[in-house]
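Here are my comments on the strand arrangement, set out as numbered points for you to check against the coordinates. Please read them with the structure open beside you.

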Amino acid sequence: TGPFGVVDATARNPTTVGDGRANATVERLDTSELLVEGGRFGTGVDYLRIPDATVAVSGIEGRPRLVYRVSVPELGVDRTTTTLLSGGQSGTVRLGMRDRGLDPDSVTEQRYRATITVRVQSFEYDQTVFETGETVEVRP
């Protein structure tokens, strides 16, 4: 056995989220690009196409993160991507997700409801900076 103490994980591992805040504004997120369409080259798979989000960040303190989430419950899709921010950083951040393959038998409607959110999150802070409900069109 030995001595026990408190370790500051963020000091040892700067790739983890910590306390902090940031100002963030979504500059570009083309929700019309959120759609379901058939795969290319005769794959027989449908894909949920997910647009990139471009977010302007400033006033960053500590180690918060940006969280970009797309949820389409009727298709069983709940996708999230995050990026860590560092104090003193400012500028534009691009958040992107890969398209999600869907079982073609699960795509039975012409439209689905989706929720898109962008948040700034840390251990002490969680602010939604963008949220919208969208209709996802199905294209052949």
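1. In this predicted model, one open sheet is built from three strands that follow one another in the order β1-β4-β7, and the pairing within this sheet is antiparallel. The edge positions are taken by β1 (20-28) and β7 (91-95), each of which has a single partner strand, so one side of each is left without a neighbour in the sheet. On average, and with direction ignored, neighbouring strands of this sheet are turned by 35 degrees against each other.

2. Within the three-strand sheet, the contact between β1 and strand β4, which covers residues 53-62, is antiparallel and runs over seven bridges. If you wish to check the register of this pair, a convenient place to look is N23, whose bridge partner in β4 is S58.

3. A further open sheet consists of seven strands in the order β6-β5-β9-β10-β2-β3-β8, and here the pairing is mixed. Its edge strands are β6 (77-84) and β8 (100-102), each of which pairs on one side only. For this seven-strand sheet, the average turn of neighbouring strands against each other is 25 degrees, again with direction ignored.

4. Which strand does β8 pair with, and in what sense? The partner is strand β3, made up of residues 46-49, and the two strands pair in the antiparallel sense over three bridges. As a reference position for this pairing, Y47 stands opposite G101 in β8.

Note on methods:
Residues numbered from 1 in each chain as written. Predicted model: local features only at pLDDT ≥ 70, side-chain atom pairs only at ≥ 80, totals over all residues. Heavy atoms only, no water. Pairing = 2+ DSSP bridges. Helix = DSSP H or I, 4+ residues; strand = E, 2+ residues; numbered from the N terminus. Axes fitted to C-alpha atoms, helices over the stretch in contact; angles between N-to-C directions.
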